[in-house]
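Trainee: I am new to this one and would like to get to know it with you. Could we go through it together, step by step?

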Amino acid sequence: MTSTPPPSSPSGLDPEIAARLKRSADGLVPAIAQQYDTGEVLMLGWMDDEALHRTLTTGRCTYWSRSRREYWVKGDTSGHFQWVKSVALDCDADTLLVQVDQVGAACHTGARTCFDEDVLLKEAASVDTQGADSGVPSLDQ
């Protein structure tokens with residue numbers, strides 16, 4: 001079983017955008033959904049060219065489900081919509097940041113975000129280059 005989106009006719013994605021994307025071996029780009037007004041990281045989904053095109057043109061997040069092998073629009077079955085506010089490509093052109101207005105839970109478990117339940121590190125102590133604990137991370141390393 002493959003998670004690769006099915007071959008299809010060319011998507012409507014702007015060819016200039018498509019040419020810039022660096023995709024995984026299965027043709028996908030990770031898309032981080034973030035609450036536009038609070039900065040809260042909500043979830044990570046996957047998009048191919050068609051999913052990105054749909055997201056950019058409909059104002060609703062469309063993802064490629066690797067497990068179900070189909071497109072899904074956030075909220076169509078759950079009622080927990082993601083209304084797109086902006087879409088940005090990172091500096092390496094291999095990750096999308098989709099700022100959304102999330103209505104309801106973002107996680108399929110019903111949690112507000114996919115990152116609420118399993119926090120591995122709450123707060124890290126920082127040490128400056130002199131070895132004194134200043135509470136402020138140093139970038140001079």
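Mentor: Gladly! Let us begin with a term: a salt bridge is a side-chain nitrogen of Lys or Arg within 4 Å of a carboxyl oxygen of Asp or Glu. This is a predicted model, where local features need pLDDT of at least 70 and side-chain atom pairs count only at pLDDT 80 or more, while totals for chains, interfaces and linings use all residues. Residues are numbered from 1 along each chain as its sequence is written, and side-chain values use heavy atoms, with hydrogens and water left out.

Trainee: Which residue meets Glu70 in a salt bridge?

Mentor: Start with accessibility: buried means under 20% relative accessible area, exposed over 50%, and partly exposed in between (1.4 Å probe, protein chains only). Glu70 is partly exposed at 39%, and its partner is partly exposed at 46%. Their side chains come to 3.1 Å, N to O, and the partner is Arg68.

Trainee: What pattern does the protein chain follow along the sequence?

Mentor: Helices (H or I, at least four residues) and strands (E, at least two) are DSSP runs, numbered from the N terminus. The protein chain has 2 helices and 6 strands. Read in order, the pattern is α-β-β-α-β-β-β-β.

Trainee: Which residue caps the N-terminal end of H2?

Mentor: Helix H2 covers residues 49–58, and its buried residues are Glu50, Ala51, Leu52 and Thr55. Those buried residues pack (contact means heavy atoms within 4.5 Å) against helix H1 and strands E2, E3, E4, E5 and E6. At the N-terminal end, a side-chain oxygen lies 3.2 Å from the backbone nitrogen of Glu50, and the capping residue is Asp48.

Trainee: What phi does Gly59 take?

Mentor: Gly59 comes just after H2. Its phi is positive, at about 80°.

Trainee: How many residues apart in sequence are the parts tied together by Asp49 and Arg23?

Mentor: The side chains of Asp49 and Arg23 meet in a salt bridge at 2.9 Å, N to O. Asp49 lies in helix H2 and Arg23 in the loop between H1 and strand E1, so the pair ties together parts whose distance in sequence is 26 residues.

Trainee: Is Arg60, the partner of Asp76, buried or exposed?

Mentor: The closest N and O atoms of Asp76 and Arg60 are 2.8 Å apart in their salt bridge. Asp76 lies in the loop between E4 and E5 and Arg60 in the loop between H2 and E3, so the pair ties together parts that are 16 residues apart in sequence. Asp76 is exposed, with a relative accessible area of 52%. With a value of 17%, Arg60 is buried.

Trainee: Which element gives the largest share of the lining of the largest pocket?

Mentor: On a 1 Å grid over the protein atoms alone, a pocket is an open set of points where a 1.4 Å probe fits, with protein on both sides within 12 Å along at least five of seven lines; lining residues have an atom within 4 Å of a point. The largest pocket is lined by 25 residues, with Met43, Arg68, Trp72, Lys74 and His108 nearest its centre. The elements that give two or more residues to this lining are E2, E3 and E4. The largest share is 4 residues, and it comes from E2.

Trainee: What share of the 141 residues in the protein chain is buried?

Mentor: We have met some of the buried residues already, including Leu52 in H2. Across the 141 residues of the protein chain, the buried share is 30%.

How values were computed
Polar contact = N/O pair within 3.5 Å; in protein donor to acceptor, adjacent residues only side chain to side chain.
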